[in-house]
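Reader: I would like to understand how labels given to parts of a protein model follow from the numbers behind them. Could we take some of them one at a time?

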Amino acid sequence: MRIDEILYTQGFGTRRVCAGLVQQGLVRTAGAVVADPAAEFETEGLRFTVQGTEWEYHEKAYLLLHKPAGTECSQKPSTYPSIYTLLPSPLRLRPNKGAVQGVQAIGRLDQDTTGLLLLTDDGQFIHRMGSPKHHVPKVYEVGTKHAIDDTQVARLLAGVVLDDDPRPVRAAACEAVAPQHLRLTLTEGKYHQVKRMLAAVGNRVESLHRSRIGPLALPEDLAPGQWRWLEPAQVEALRTARASQPENRLSR
Ligand code: URA
């Protein structure tokens, strides 16, 4: 693929801007300036720098973000900064045929919730991960206001009724790891689900952190606000998570 086209697909600007970046000598591969916008490169594994920013070619972008507290998952946040401001601009500007440009979060976390968030520009992947048929288990570390008792755990596992749906929602797994620390696994993603489930059993969420989505755990060395590309094997494991995650069988 031509280098100016490569830059365009990766979100470095319009085709004209990308050709200009090359002509101005701002693009390098393997340490050498690429001067000709028409120069062809094999895209697989290609690394380059644009104005000193290192980049690796990805046909589709799949990434994970350690969402910090005090950020909103919306492109147009109402009160707190958007999580999208934590990403470099090429990820926000990647062209996407016929769809919204840039990567999109797969589902949302509340502004005060921290932890693992996936983002991609692959519309099919967003659809698949969000589909009711694809109940990927999500693990939450929940800090509670009151001590958790066995009755609360039993009720969360048996199912509680939330105000907008007569069908009970239940935790696929639920374990009190400390008096005020619950590890809760859900296979659905209703609005404020964890907070509403805890309220329904007479407790209250004081802190909420998502530590895992299916086979993918939040890496311990990824600080709040940092992001990372997913490896192809991790994307594949998420795609096929349903078959390999026994908790899914507990969902209705
Ligand atoms: N449940 C909630 O209540 N909030 C979140 O952010 C995620 C799950």
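Reader: What do the buried residues of H5 pack against?

Author: In this predicted model, the buried residues of helix H5 pack against strands S10 (165–169), S11 (173–178) and S12 (181–186), and also against helix H6 (193–200).

Reader: Which residues of H5 are called buried, and what makes them so?

Author: They are Gln152, Val153 and Leu156, and the word applies because each has under 20% relative accessible area. Asp150, Thr151 and Ala158, on the other side of H5, are exposed, which means that each is over 50%.

Reader: Why are the buried residues said to line one face of the helix?

Author: Looking down the axis of H5, one finds its buried residues within an arc of 100°, and therefore they line one face. An α-helix has 3.6 residues a turn, so residues three or four places apart point the same way.

Reader: How do you know that Asp149 caps the N-terminal end of H5?

Author: A side-chain oxygen of Asp149 lies 3.1 Å from the backbone nitrogen of Thr151, and because a polar contact requires N or O atoms within 3.5 Å, this distance satisfies the cut-off. After H5 comes Gly159, with a positive phi near 120°.

Reader: What is buried between domain 1 and domain 2, and how many salt bridges are counted there?

Author: The two domains bury about 610 Å² between them, with 68% of it on carbon and sulfur atoms. Gln10, Gly11 and Trp55 supply 63% of the area that domain 1 buries against domain 2. The count of salt bridges between these domains is zero.

Note on methods. Residues are numbered from 1 along each chain as its sequence is written. This is a predicted model: local features need pLDDT of at least 70, side-chain atom pairs count only at pLDDT 80 or more; totals for chains, interfaces and linings use all residues. Side-chain values use heavy atoms; hydrogens and water are left out. Buried means under 20% relative accessible area, exposed over 50%, partly exposed in between (1.4 Å probe, protein chains only). Helices (H or I, at least four residues) and strands (E, at least two) are DSSP runs, numbered from the N terminus. The arc is that of the directions from the helix axis to the C-beta atoms. Contact means heavy atoms within 4.5 Å. A polar contact is a pair of N or O atoms within 3.5 Å; within protein, one must be able to donate a hydrogen and the other to accept it, and residues adjacent in sequence count only if both atoms are side-chain atoms. Buried area is the accessible area (1.4 Å probe) that two parts lose on being put together, summed over both. A salt bridge is a side-chain nitrogen of Lys or Arg within 4 Å of a carboxyl oxygen of Asp or Glu.
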